[in-house]
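Here are a few notes to go with the structure, for someone opening it for the first time. Have it on screen as you read, and take the points in order.

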Amino acid sequence: GITLYEEGDKSLEIGGRLQPQYRLVDGDNEGADGSDSGDDFFLRRMRFYIEGTVTENIYGIWQVDFGDTSDDPEVKDAFINYSGLPMGNITVGNAKVPFSRELLTSSKRQQFVERTVVGDNNFGVPDRQMGVTYNLNDNDMVQGSIGAYQAGIDPSFSKIDFESRVSSDAEYFGNMVAGRIDITPMGAFKLAQGAFGEDTKFGLGLNAFTWANDDDISEGDIQNQFDSVNGYGVDAAFRSGYFSMDAGVQYFDADTIDGADAATGVVNEDGDAQFSTYLVKAGYMIVPSKLEFVAGFSALDPDDGFFANGENYDDMDKRYSAGLNYFFNKHNAKIQLTYEMGRDVLYTNDANGQVETPSNIGGDQNTLFLQFQQVL
Amino acid sequence: GITLYEEGDKSLEIGGRLQPQYRLVDGDNEGADGSDSGDDFFLRRMRFYIEGTVTENIYGIWQVDFGDTSDDPEVKDAFINYSGLPMGNITVGNAKVPFSRELLTSSKRQQFVERTVVGDNNFGVPDRQMGVTYNLNDNDMVQGSIGAYQAGIDPSFSKIDFESRVSSDAEYFGNMVAGRIDITPMGAFKLAQGAFGEDTKFGLGLNAFTWANDDDISEGDIQNQFDSVNGYGVDAAFRSGYFSMDAGVQYFDADTIDGADAATGVVNEDGDAQFSTYLVKAGYMIVPSKLEFVAGFSALDPDDGFFANGENYDDMDKRYSAGLNYFFNKHNAKIQLTYEMGRDVLYTNDANGQVETPSNIGGDQNTLFLQFQQVL
Amino acid sequence: GITLYEEGDKSLEIGGRLQPQYRLVDGDNEGADGSDSGDDFFLRRMRFYIEGTVTENIYGIWQVDFGDTSDDPEVKDAFINYSGLPMGNITVGNAKVPFSRELLTSSKRQQFVERTVVGDNNFGVPDRQMGVTYNLNDNDMVQGSIGAYQAGIDPSFSKIDFESRVSSDAEYFGNMVAGRIDITPMGAFKLAQGAFGEDTKFGLGLNAFTWANDDDISEGDIQNQFDSVNGYGVDAAFRSGYFSMDAGVQYFDADTIDGADAATGVVNEDGDAQFSTYLVKAGYMIVPSKLEFVAGFSALDPDDGFFANGENYDDMDKRYSAGLNYFFNKHNAKIQLTYEMGRDVLYTNDANGQVETPSNIGGDQNTLFLQFQQVL
């Protein structure tokens, strides 16, 4: 962002993010009708924001994304922040729920082109929601946030897909309380992946949330509603010189409104859903601050397997990823290449509708991502 | 708004408005299936605008709203203003039609969280439209505007809902001429509700419009078209110290294209619609410039009653409202609480689809509004 | 645009464009049911953009249009430009394909209110697409660009309608290579129509592209796909004092995926489509830099005629246009009036749905355009 005005209580900053992305997907349906591979070149993100104030202790942010394959622009950060409290500050509006380090880390500061399953709102991570968040004052050793939200869900039992009220996909809502604590014994550090010659730092994060359907929408109007969702997570980050490492484990436990007629997706015969998600990844700058090599593993493991097409897929969805990142100017201007090998995949990718016959659930799927990034 | 550039004929200003709103609706269908109450926490408005010029005597404004529950952003002010005339200035594009003091008063300078029926485009008030407006030069005693518009209507006979061409809701159009005169014997004052320690001022406004269907859209394509709509209104405003008062009366008279098959909504058996709307409200700052108490009454009265479900509801729709406004920095940063009691309601509120069984028409409905506001 | 910040590698510019347009269409269906004429007053364009950088040799542009009759804003320029090469620069993202001088000339610098058939993406001109473009360094005598794109098409055989991946209308995609060379023996000049007292300049442009369906989308999902499209074009521009002239000829040659069931639109019985487009126009400033008179002729000529309603229309679609442009401040603020007489029209205009019975294909249609413009 560039600060265009700053005088007394008045300030204004403008910023943006452009991510043209090429994506090539190759599945394992070679024998089937129609091709199992396809590619797409699209605008992954095209965001801009205004952040400013004319009032002491209060600022607002207006952030909108015109990218991705939907025509509708999506509202991202849209909140008012008040810092006139004795300690900490309060945020009201649409903001990230304090859960999952990978989600909380901006999409412009990721090591892989796309977030993994531990940062993806399709699998239990709350993402942004309308609510109120209280952030403890910055402390070098411990940081914390707690908040209450009216959080929405996009109906489907093959995932737990939290979506904000500002998105068209949220179709029923519930009350959520979430909290996170970050412990940084060697000093606080920024939520950014990769290490550009940094002091040794270590961070451990603990977070949890609970969500309960507020029953404002009848099941007759919207089917396949969860009744409650609880999430728990631990994550860790290590930075030293040009080496960085991130890891996370999350567990989600959900009930559906009135049991289930049949097991489907992550929901078992009793109408319950439990699954875990995992991530470990590391990167090293082969050429300091210029070229980084990254590798990682992430996985999704439903306790009772995944139910689809009358079958139960009991293997864990596994993604093996490796990538190269070339930096013109840190995360402000870079090119990222990520190759992901998916094994026993439970969620397939059709390159935004450009693959005629995507992978079977339970099959293999490999994806190449190439993304250009310019940040303002 | 913050002026970022100003030099010679070049200037640029950026501004915005954020209004996260919590709304709790409680109807009178306690015995019915499904709850008669529900709540929502959403972004009521998320606007930003750019206003600027590179040409003498001409400026433009680009204003967009990403808030409310639709995915589509809505264009608000979008016009070119030319002030190179011997007296007055001309506006071409999408702008507010000079009718209704409450509508003409910005949504950021209202005493209640929501406008009442005298400022609501659902009940005959033209709102913004594509057209040409001539504004008389500012005069301390008398101000006036007159304009011609191609004004759209959203089809329905339960209301007269003017919508701009830039909105998806406008489905048929007509030619409108509208004019307004403001008389301010004690000096001109800003269109803003509430009084932050002001000199005594009084304003009287007279306005009227006439609209006639231009018949570009056949009734086969869009049913339920009005053929003509006329509106008349008087409003008054008083400010003194920390006390303010506003009042208005409006009368609307409309014909439908070819009579009506049956009486429906505000349209009677002869295919005519006539109704009046009323408002009186007052506010006093209990703590000067910090805390304001506001109370008001508004009403909608169809001449021939309201036709729905085979019945005729002959009582006037009445809204009794009271509220508290806390100001951090006048209308730039405030929190507003409004409680509205609706009696014999003809237009019900379902908290943006979050109430399973809203009030019956003719029944009662109470609504609590809590809104946070930050203006740039 | 106004440059708001410029210091070291950091810069930020903001700009916009407002075009309220009145359009009156009159066809030749006088005897038919419903009127053959209608009018509309709408926001033709309401664009704003941010262009900026925080990195040496790299800048990005974010441009969005909220105008026209769709609710969805449309992404226009959205690319990253890198100029750190020994010669030339590279653009990645959504940008204009180097084909057709009229298309490449900004909509704010046109002599007629609307582009003619040689600049219209409905008739084979690629418009903006997602891709990579290499632009040769500016040279006073020769300029050139070459690029590769994943270009989309909006299905229909009555035209060849290229649309970008960022638009909802693009439904199938293919790989495109396009190149253009501009020869300017008397020195390079800006892509702008009209002449505000300029030195004598002459430009000749040659361009071509080839597009091949990438077969990612099956014909079962999207019917009426072209298999390949090739386009060729020559255009010329002359400026001298207050006189300007532009001309262009283009030829398009396309095949459909699997022949055709029947001849339809521009596609003949063999499943092939070939057509030419033509333009010549000239303008002279009657009052220097204030008032310009413009006249022109454009045409669309399908090799095998146009197939519709079981008939073959073998006449060329012809448009005779004349206009007056009044300039407040060159193209920054102007009013444009264009009157177009269409004879044997193959593509009719219904004033954005405001004409009940538009012209017959093959008939006549006259259109009056009046447009106000303010540029920032």
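**Notes on a first look**

1. Start with a pair of phenylalanines: Phe209(A) is buried, and Phe252(A) is buried as well. Keep in mind throughout that this is a predicted model.

2. There are plenty of ring pairs to look at, since searching the whole structure turns up 53 aromatic pairs over all chains. For Phe209(A) and Phe252(A), the ring centres are 6.3 Å apart and the planes make an angle of 45 degrees, so this pair is tilted. The reasoning rests on the cut-offs: under 30 degrees would be stacked and over 60 would be edge-to-face.

3. What does this pair link? It joins distant parts of the chain, with the two positions 43 residues apart. Phe209(A) belongs to strand E11 (residues 198–213) of chain A, and Phe252(A) to strand E13 (residues 243–256) of chain A.

4. Now widen the view around those two rings. Phe209(A) and Phe252(A) are part of one aromatic cluster, together with Phe99(A), Phe162(A), Tyr172(A), Trp211(A) and Phe275(A).

5. Next, rings with a charge over them. In chain B, Arg319(B) lies over the face of Tyr347(B), 4.0 Å from the ring centre. In chain C, look for the charged end of Arg319(C) over the ring of Tyr347(C), again with 4.0 Å to the centre.

6. How are the chains arranged? Chain A goes onto chain B by a rotation of 120 degrees with 0.0 Å of shift along its axis, at an RMSD of 0.0 Å. The two copies are thus related as by a three-fold rotation axis. If you want a landmark in chain A, take Asp72(A): its C-alpha is the one nearest the axis, at 3.5 Å.

7. Chain C is worth the same check. A rotation of 120 degrees, with 0.0 Å of shift along its axis, superposes chain A on chain C with an RMSD of 0.0 Å. Here too, Asp72(A) has the C-alpha of chain A nearest the axis, 3.5 Å from it. The copies use different surfaces, as 16% of the contact residues of chain A recur in chain C.

8. On to the interface between chain A and chain B. The contact draws on 43 residues from chain A and 37 residues from chain B. Together the two chains bury about 3,200 Å², and 69% of that is on carbon and sulfur atoms. Which three residues of chain A supply the most area against chain B? They are Trp62(A), Arg165(A) and Asp216(A), with 22% of the area that chain A buries there, more than any other three residues.

9. Arg165(A) deserves a second look. The count between chain A and chain B is 1 salt bridge. Arg165(A) makes a salt bridge with Asp40(B), and the closest N and O atoms are 2.7 Å apart.

10. Finally, check the backbone in the loop of chain B between strand E11 (198–213) and strand E12 (226–241), where Asp215(B) is found. Most residues other than glycine have a negative phi. Asp215(B), though not a glycine, has a positive phi near 60 degrees. Asn224(B) lies in the loop between E11 and E12 of chain B, and its phi is also positive, about 60 degrees, although it is not a glycine. Buried or exposed? Asp215(B) is partly exposed, at a relative accessible area of 45%, and Asn224(B) counts as partly exposed at 35% relative accessibility.

Terms used: Residues are numbered from 1 along each chain as its sequence is written. Chains are lettered from A and ligands numbered from 1 in the order in which they are written. This is a predicted model: local features need pLDDT of at least 70, side-chain atom pairs count only at pLDDT 80 or more; totals for chains, interfaces and linings use all residues. Side-chain values use heavy atoms; hydrogens and water are left out. Rings of Phe, Tyr and Trp (its six-membered ring) pair if their centres lie within 6.5 Å; planes under 30 degrees apart count as stacked, over 60 as edge-to-face and the rest as tilted. Helices (H or I, at least four residues) and strands (E, at least two) are DSSP runs, numbered from the N terminus. Buried means under 20% relative accessible area, exposed over 50%, partly exposed in between (1.4 Å probe, protein chains only). A charge sits over a ring if NZ of Lys or CZ of Arg is within 6 Å of the ring centre and within 35 degrees of the ring normal. Copies are superposed by least squares on the C-alpha atoms of residues with pLDDT of at least 70 in both. Contact means heavy atoms within 4.5 Å. Buried area is the accessible area (1.4 Å probe) that two parts lose on being put together, summed over both. A salt bridge is a side-chain nitrogen of Lys or Arg within 4 Å of a carboxyl oxygen of Asp or Glu.
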